[in-house]
Amino acid sequence: AKGQALAVEAAFVLAKTEAKATASKMRAITASQATAKAAKTAAVAESAARAQAAAQTNAVVSSNALEIVTDATLTAAKALAKAKALTVVPVAERLRAAGAL
């Protein structure tokens, strides 16, 4: 009877130890899953921040490109007006000199 009682007690202690080990493993798995989820969330946040920074950079680049095109257009328009003025005046002077005007 005494041997049986010791065997039952040993089985109880073993079951209790196994339950603790299982609980510890479950906590470790849960912690690991939480860590993985936090890492994934951080990666998504970082990706969103990069996308926002890229969008802002693209907006600045587009704005700068528009300014460059606008400046080039204005410069071309001024050059064209100047060229027309230079062309028109000599022609009018030539016509006057020829007596046509």
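**A single helix and its one salt bridge**

Let me begin with arginine 50, which has a relative accessibility of 59% and therefore counts as exposed, since the cut-off for that word is over 50%. Please keep in mind throughout that what we are looking at is a predicted model.

Which residue forms a salt bridge with arginine 50? The partner is glutamate 46, and the closest N and O atoms of the pair are 2.7 Å apart. Glutamate 46 has a relative accessibility of 42%, so this residue counts as partly exposed. The two residues are separated by about one helical turn, because they lie 4 residues apart in helix H1. In the whole protein, the count comes to 1 salt bridge.

Now to the overall form. The protein has 1 helix and 0 strands, and that helix, H1, covers residues 2-97. Along the principal axes, the C-alpha atoms fill a box of roughly 145 × 10 × 10 Å, and the radius of gyration is 43 Å, whereas a compact globule of 101 residues would have one near 13 Å.

To get a feeling for these distances, take proline 90, which is also found in helix H1: its C-alpha atom is 130 Å from that of lysine 2, with the two residues 88 apart in sequence. Proline 90 counts as partly exposed, because its relative accessibility is 27%.

Finally, the surface and the charges. Buried residues make up 1% of the 101 residues, and the accessible surface comes to about 8,600 Å², of which 68% belongs to carbon and sulfur atoms. The protein carries 13 positive and 6 negative charges, and the mean positions of these two sets are 3 Å apart.

Key: Residues numbered from 1 in each chain as written. Predicted model: local features only at pLDDT ≥ 70, side-chain atom pairs only at ≥ 80, totals over all residues. Heavy atoms only, no water. Buried < 20%, exposed > 50% of the residue type's maximum accessible area, 1.4 Å probe, protein only. Rg over C-alpha atoms; globule rule 2.2 N^0.38 Å. Areas by Shrake-Rupley, 256 points an atom, 1.4 Å probe, with all protein chains shown as cover. Lys, Arg positive; Asp, Glu negative; His and termini not counted. Charge placed at Lys NZ, Arg CZ, Asp CG, Glu CD. Salt bridge = Lys/Arg side-chain N within 4 Å of Asp/Glu carboxyl O.
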